[in-house]
Amino acid sequence: MDPYDRTAVEQVWQRVHGDRGSASASPEEGLQELIASEWVDATVYLNLSRRMGGKESTLLRQLFQEEQAHVACLKGIYTLITGRRPLVRASAPVQEPVPQTLRRCYGREMRSLSAYEARSNHPEYGHVFAKMALQEREHCRILLEIIGNLSAGDSV
């Protein structure tokens with residue numbers, strides 16, 4: 001049974017992109033979408049860590065754990081701002097070849113990086129967003145390393 005909705009994920013990304021840099025946006029605007037996105041990323045990295053071996057599996061497990069921490073931080077921020085827990089539904093990642101999945105992961109990391117950088121000047125939570133942006137930069141580096149280590153028969 002698939003608990004995730006592909007259409008919802010696409011809507012998440014539309015809202016995340018529309019939210020960037022909006023000075024008039026309320027502090028919680030777009031947070032639920034970011035939570036859903038990070039949740040999807042964590043799931044993808046866990047699945048990939050099980051499909052790959054060696055150093056790549058270890059790196060992907062690290063990404064999984066850091067994305068889970070991002071989910072928790074974003075949920076905490078949302079709860080403190082609104083006084084209620086976020087209601088988040090995330091779509092299941094699509095099963096596709098590893099190189100294609102890694103390419104999609106890199107794109108999602110870049111979008112998350114942009115969203116966190118746009119929020120890094122928030123008076124209360126900016127330091128948290130700045131820290132998560134640094135981690136997303138490192139995730140991009142790790143993904144490029146994994147992609148670079150793929151066997152010659154795999155195409156990205």
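1. Cysteine 105 has a relative accessible area of 0%, so it counts as buried (buried is under 20% relative accessible area, exposed is over 50%, and partly exposed is in between, with a 1.4 Å probe and protein chains only). Cysteine 73, at 35%, is partly exposed. A search of the whole structure turns up 0 disulfides, a disulfide being a pair of cysteine sulfur atoms within 2.5 Å.

2. Some ground rules before you dig in. This is a predicted model, where local features need pLDDT of at least 70 and side-chain atom pairs count only at pLDDT 80 or more, while totals for chains, interfaces and linings use all residues. Residues are numbered from 1 along each chain as its sequence is written, and side-chain values use heavy atoms, with hydrogens and water left out.

3. On confidence: pLDDT is the predictor's confidence in each residue, from 0 to 100. The protein chain averages 84, and 79% of the residues score at least 70. Helix α1 (residues 6-19) has the lowest mean pLDDT among the elements, 52, and α5 has the highest, 97. Over residues 17-24 the pLDDT is below 50, and this stretch has 8 contacts in the model beyond near neighbours in sequence (contact means heavy atoms within 4.5 Å). Where pLDDT is low, the predicted coordinates should not be read in detail.

4. The overall layout is easy to state: the protein chain has 5 helices and 0 strands, in the pattern α-α-α-α-α along the sequence. Helices (H or I, at least four residues) and strands (E, at least two) are DSSP runs, numbered from the N terminus. Of the 156 residues in the protein chain, 42% are buried. Take the contacts between residues at least 6 apart in sequence: 77% of them join residues at least 24 apart. The accessible surface is about 8300 Å², with 51% of that belonging to carbon and sulfur atoms (Shrake-Rupley method with a 1.4 Å probe; for residues, only the protein chains shown count as cover).

5. Now the inside. A nonpolar core here is a set of buried Ala, Val, Leu, Ile, Met, Phe, Trp, Tyr and Cys residues joined through side-chain atoms within 4.5 Å. The largest one has 19 residues, and Tyr45, Leu48, Leu60, Leu102 and Ile146 have the most contacts inside it. Two or more residues come from each of α2 (31-51), α3 (54-82), α4 (98-119) and α5 (126-148), with α2 giving the most, at 6 residues. A second, separate core of 16 residues includes Ala36, Leu74, Val88 and Tyr116.

6. What does tyrosine 45 touch once neighbours within four places in sequence are set aside? The list is Leu60, Leu63, Phe64, Glu67, Cys105, Glu109 and Leu143, so our cysteine from point 1, buried at 0%, turns up again.

7. Serine 49 is worth a click too. This residue sits in helix α2 and counts as buried at 4% relative accessibility. Not counting residues up to four places away in sequence, serine 49 touches Ser57, Leu60 and Arg61.

8. Valine 128 is in helix α5 and touches Cys73 and Ile77, again leaving out residues up to four places away in sequence. Its C-alpha atom is separated by 9.2 Å from that of leucine 74, with their positions 54 residues apart along the chain.

9. Salt bridges next: the count is 6, using a side-chain nitrogen of Lys or Arg within 4 Å of a carboxyl oxygen of Asp or Glu. Arginine 108 and aspartate 41 form one, at 2.5 Å from N to O. Because arginine 108 lies in helix α4 and aspartate 41 in helix α2, the pair ties together parts that are 67 residues apart in sequence. Arginine 108 and aspartate 41 are both buried.

10. Glutamate 96 and arginine 104 make another salt bridge, with their closest N and O atoms 3.0 Å apart. Glutamate 96 is buried, with a relative accessible area of 11%, whereas arginine 104 is partly exposed at 44%.

11. In helix α5, arginine 141 and glutamate 145 are 4 residues apart, which means a separation of about one helical turn. Their side chains meet in a salt bridge, 2.9 Å from N to O. Arginine 141 is partly exposed, at 41% relative accessible area. The pair also belongs to a network of salt bridges that links Lys55, Glu138, Arg141 and Glu145.
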